[in-house]
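Here are some notes to read alongside the structure. Have it open and turn to each spot as it comes up.

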Amino acid sequence: MTTLATSETSPPPATGIGLIIALGITQVAGYGALYYAFAVLAPSMTRSMGWAPEWTYGGFALGLLAGGLAAPFAGRLIDRYGTRRMMSIGSVLASLSLFALSKAEGLVSYYAAMIALEVVSTLVLYDAAFTALTQAHGAGARRAISKLTLIGGFASTLFWPLTTALVAQADWRTIYQVYAVGYLAVALPLHALLLPCGRATFAAKPTQPTETQDSEAYLAGTARRRSFVLLAIAFSLQGFVVSAMSVHMLTLLQGFGFSAALAVALGAMVGPSQVTGRLIEMLFGTNVPPVTTAWVSGALMPLGFMLLAFGGGTAVIAGLFAITYGVSMGLSSIVRGTVPLQLFGPAGYGAMLGKLSAPGLVIRAAAPLGFAVMMERAGLSASTAVLVTLSGAAALALLLLARGGRR
């Protein structure tokens, strides 16, 4: 049986649903404060700084690039020192980064704060949380990861309207300061008291079959390298699409002839659809191999864009696009944690997630600006075709992964 050991024993970590709820709370707070708030506050930041929007979004892109480069190193630190220690440190650093961002007065200080924010986020967001669950549950962490992403899916649902409401009452600097204090107050106690402590060590392969494990070894050699490349390609291509849509979805929908109000309503359907997809997977996907969930979720994304492209500006078809795209995004978050666990095992899990995330984060950094230029110069139809092509290529990579990764 896969072994799990930690080098520290006090205070005792939470287990089961308690650990999932604790991590879920910190993921909602983390994604809300560190990621989703920026989309609402960026226009105010641009006006306050007195520069063109490209400089504001450029800082965000540079931060994502730095985070992508830092992800493998962060994963190794988490594997070596444990999630309790590193996520607790990350909570403090993330709070300090939010506060530094609120105090930025010029280009240098703004870019430095954005880079710091995205780098430390690698210690506290999903990859770190998935590692915490893997350290607690070993190779049987799949269901726990599904439950965690179900809770985390409410981050945008809560923080977009919350931040929008706060903008009417305070400036962006005050809001980031409130989020800095609030995140520290919420995340640090949960990370410091309830997460697995010390460094987790796993056997490279199970010694006997269990409910959640094969008796065979995890992928190794050529098969392991091939699967890693396919998974990295899929994550990278999907990362470009998701990053571009996180900034330009409303613009894209309005380009298809929908009013601003209807575009907002359609965009708002994506969040609940993510949660719905994760709930379906949690309830009915227990006996479905993670690699199968991966290619199904991958196939839904280009299907959604094709519905939008050929829907003739029909609101119902656009609604189906929003639902399909949202379900695909929801399932892909689960896939990001469960497929590497299934194929490569729990040993070195944090470092593996960091390596897989790095190419996607780098590409995602360039996506908003690249897609904006694409829409301006190539037009709406060509830009949508690019989204179909990239997401379709990601789905194909995941299908090849599923066919080659069956053990």
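**Notes for a first look**

1. Start with Arg336, which is partly exposed, with a relative accessible area of 25%. Keep in mind throughout that this is a predicted model. The value for Arg336 sits between the two cut-offs, since buried means under 20% and exposed means over 50%.

2. What does the side chain of Arg336 meet? It forms a salt bridge with the side chain of Asp127, 2.9 Å from N to O. The two partners come from distant parts of the chain: Asp127 belongs to helix 5 (residues 126-137) and Arg336 to helix 13 (residues 315-344), with their positions 209 residues apart. Asp127 has a relative accessible area of 14%, so this residue is buried.

3. Next, have a look at Arg142 and Glu281. Their side chains meet in a salt bridge too, at 2.8 Å from N to O. Here again distant parts of the chain are linked, with Arg142 in helix 6 (residues 142-152), Glu281 in helix 11 (residues 270-284) and a separation of 139 residues. Buried or exposed? Both Arg142 and Glu281 are buried.

4. Glu105 and Arg173 make another salt bridge, and their closest N and O atoms are 3.7 Å apart. Glu105 is found in the loop between helix 3 (83-102) and helix 4 (107-121), while Arg173 is in helix 8 (residues 172-194); the pair links distant parts of the chain, 68 residues apart. Check the surface here: Glu105 is exposed, because its relative accessibility is 63%. Arg173 is buried, at 14% relative accessible area. If you are keeping a tally, the count of salt bridges comes to 3.

5. Now for the aromatic rings. How many aromatic pairs does a search of the whole structure find? It finds 13. One of them is Tyr35 with Tyr36, an edge-to-face pair whose centres are 5.2 Å apart and whose planes make an angle of 80°. Both rings belong to buried residues: the relative accessible area is 16% for Tyr35 and 17% for Tyr36.

6. Phe38 and Tyr57 form an edge-to-face pair as well, with 5.8 Å from centre to centre and 90° between the planes. This pair links distant parts of the chain, as Phe38 sits in helix 1 (residues 16-49) and Tyr57 in helix 2 (residues 53-81), 19 residues apart. Phe38 is buried, with a relative accessible area of just 4%, whereas Tyr57 is partly exposed at 32%. Put the rings together and you get one aromatic cluster, made up of Tyr35, Tyr36, Phe38, Tyr57 and Phe60.

7. Helix 10 and helix 11 deserve a stop. Their axes are 5 Å apart and they pack at an angle of about 15°. Why call them roughly parallel? Angles under 35 degrees count as roughly parallel, so helix 10 is roughly parallel to helix 11. The residues that meet are Leu266, Gly267 and Ala268 from helix 10 and Val270, Gly271 and Pro272 from helix 11. Sorted by class, this contact has 4 nonpolar residues, 2 polar ones and no charged ones.

8. Stay in helix 11 for Gln274. Gln274 counts as buried because its relative accessibility is 8%. Which residues does Gln274 touch, leaving aside its neighbours within four places in sequence? Its contacts are Gly326, Val327, Met329 and Gly330.

9. Last comes Phe256, in the loop between helix 9 (221-255) and helix 10 (260-268). A loop residue it may be, but Phe256 is buried, with a relative accessible area of 19%. Apart from neighbours within four places in sequence, Phe256 is in contact with Leu308, Ala309, Gly313, Leu380 and Thr384. For a sense of distance, try Ala100: it lies 156 residues from Phe256 in sequence and 40 Å away in space, C-alpha to C-alpha.

Note on methods. Residues are numbered from 1 along each chain as its sequence is written. This is a predicted model: local features need pLDDT of at least 70, side-chain atom pairs count only at pLDDT 80 or more; totals for chains, interfaces and linings use all residues. Side-chain values use heavy atoms; hydrogens and water are left out. A salt bridge is a side-chain nitrogen of Lys or Arg within 4 Å of a carboxyl oxygen of Asp or Glu. Helices (H or I, at least four residues) and strands (E, at least two) are DSSP runs, numbered from the N terminus. Buried means under 20% relative accessible area, exposed over 50%, partly exposed in between (1.4 Å probe, protein chains only). Contact means heavy atoms within 4.5 Å. Axes are lines fitted to C-alpha atoms, for helices over the stretch in contact, and angles run from 0 to 180 degrees between N-to-C directions. Angles under 35 degrees count as roughly parallel, over 145 as roughly antiparallel, 65 to 115 as roughly perpendicular and the rest as oblique. Ala, Val, Leu, Ile, Met, Phe, Trp, Tyr, Cys and Pro count as nonpolar, Asp, Glu, Lys and Arg as charged, and the others, Gly among them, as polar. Rings of Phe, Tyr and Trp (its six-membered ring) pair if their centres lie within 6.5 Å; planes under 30 degrees apart count as stacked, over 60 as edge-to-face and the rest as tilted.
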